[in-house]
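The following exercises ask the student to read a structure step by step. Each task is followed by a worked solution.

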Amino acid sequence: LVSCTKRTKTPKSELAVCRYVLLLAELEAHQDAWPFLRPVKLKSVPGYKKIIKKPMDFFTIKEKLINNMYLNQENFVIDVNLVFDNCQKFNEDDSEIGRAGHRMKRFFDKRWTELLH
Ligand SMILES: Cc1nnc(-c2cnn(C)c2N)n1CCCn1ccnc1
């Protein structure tokens, strides 16, 4: 993941990647993460493909992280927030998945801020 041998990246961005890996592991381990662990099955969820233009989930984010596709931290945060924005768009606030999405977003925002300082 983070090549320690050849210094292809500045140390700063390596630290950033470690922060994302840590945060993503915490998100996946959260008890309310179950709706977001894998891509939504577009064939078996009526309306999802039409309504949600850019599906995103924690597994896809991990794959992008491993393939070094987050060149700056904004893109990582944008994808994580996409998971929660999609959830709010497709689910009622007062629903099982809607509530899980709000709790996960609050958790992420808190940990992201804590890890920055
Ligand atoms: C994420 C997410 N947002 N909405 C859904 C969903 C899937 N089916 N229905 C009726 C929804 N509202 N999902 C995916 C939830 C994936 N899931 C469901 C049970 N275990 C995982």
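**Exercise 1.** Is Met56 buried or exposed?

*Solution.* The model under study is a predicted one. Step one is to locate the residue: Met56 lies in the loop between helix 2 (48-51) and helix 3. Step two is to read its relative accessible area, which is 14%. Step three is to apply the cut-off: a residue counts as buried when this value is under 20%. Met56 is therefore buried.

**Exercise 2.** Determine how exposed Asn68 is, and describe its backbone.

*Solution.* Begin with the position: Asn68 belongs to the loop between helix 3 (58-66) and helix 4 (73-90). Its relative accessibility is 34%. Values between the cut-offs of 20% and 50% are classed as partly exposed, so Asn68 counts as partly exposed. Turning to the backbone, Asn68 has a positive phi of about 55°, although this residue is not a glycine.

**Exercise 3.** Describe the start of helix 3 and the arrangement of its buried residues.

*Solution.* At the start of helix 3, a side-chain oxygen of Asp57 comes to within 2.9 Å of the backbone nitrogen of Phe59. Next, list the buried residues of the helix: Phe58, Ile61, Lys64 and Leu65. Viewed down the axis of helix 3, these buried residues fall within an arc of 120°, so they line one face of the helix.

**Exercise 4.** Check the length of helix 5 against its expected span, then examine its buried residues.

*Solution.* Helix 5 comprises 21 residues (residues 96-116). The expected span is 1.5 Å times one less than the number of residues, which gives 30 Å for helix 5. The C-alpha atoms at its ends are 31 Å apart, in agreement with that expectation. The buried residues in helix 5 are Gly98, Ala100, Gly101, Met104, Phe108, Arg111 and Trp112. Because they cover an arc of only 160° around the axis, they are on the same side of helix 5.

**Exercise 5.** Characterise the surroundings of the ligand.

*Solution.* First, identify the shell: Trp34, Pro35, Phe36, Val40, Val45, Phe90, Asn91 and Ile97 surround the ligand. On its own, the ligand has 480 Å² of accessible area, of which the protein covers 59%. Second, sort the shell by class: 7 residues are nonpolar, 1 is polar and none is charged. Third, look for a polar contact: a nitrogen atom of the ligand is 2.8 Å from an N or O atom in the side chain of Asn91.

**Exercise 6.** How many helices and strands does the chain have, and what percentage of its residues count as buried?

*Solution.* The secondary structure consists of 5 helices and 0 strands. Along the sequence, this gives the pattern α-α-α-α-α. The chain has 117 residues, and 35% of them count as buried.

Key: Residues are numbered from 1 along each chain as its sequence is written. This is a predicted model: local features need pLDDT of at least 70, side-chain atom pairs count only at pLDDT 80 or more; totals for chains, interfaces and linings use all residues. Side-chain values use heavy atoms; hydrogens and water are left out. A polar contact is a pair of N or O atoms within 3.5 Å; within protein, one must be able to donate a hydrogen and the other to accept it, and residues adjacent in sequence count only if both atoms are side-chain atoms. Accessible areas come from the Shrake-Rupley method with a 1.4 Å probe; for residues, only the protein chains shown count as cover. Ala, Val, Leu, Ile, Met, Phe, Trp, Tyr, Cys and Pro count as nonpolar, Asp, Glu, Lys and Arg as charged, and the others, Gly among them, as polar. Helices (H or I, at least four residues) and strands (E, at least two) are DSSP runs, numbered from the N terminus. Buried means under 20% relative accessible area, exposed over 50%, partly exposed in between (1.4 Å probe, protein chains only). The arc is that of the directions from the helix axis to the C-beta atoms.
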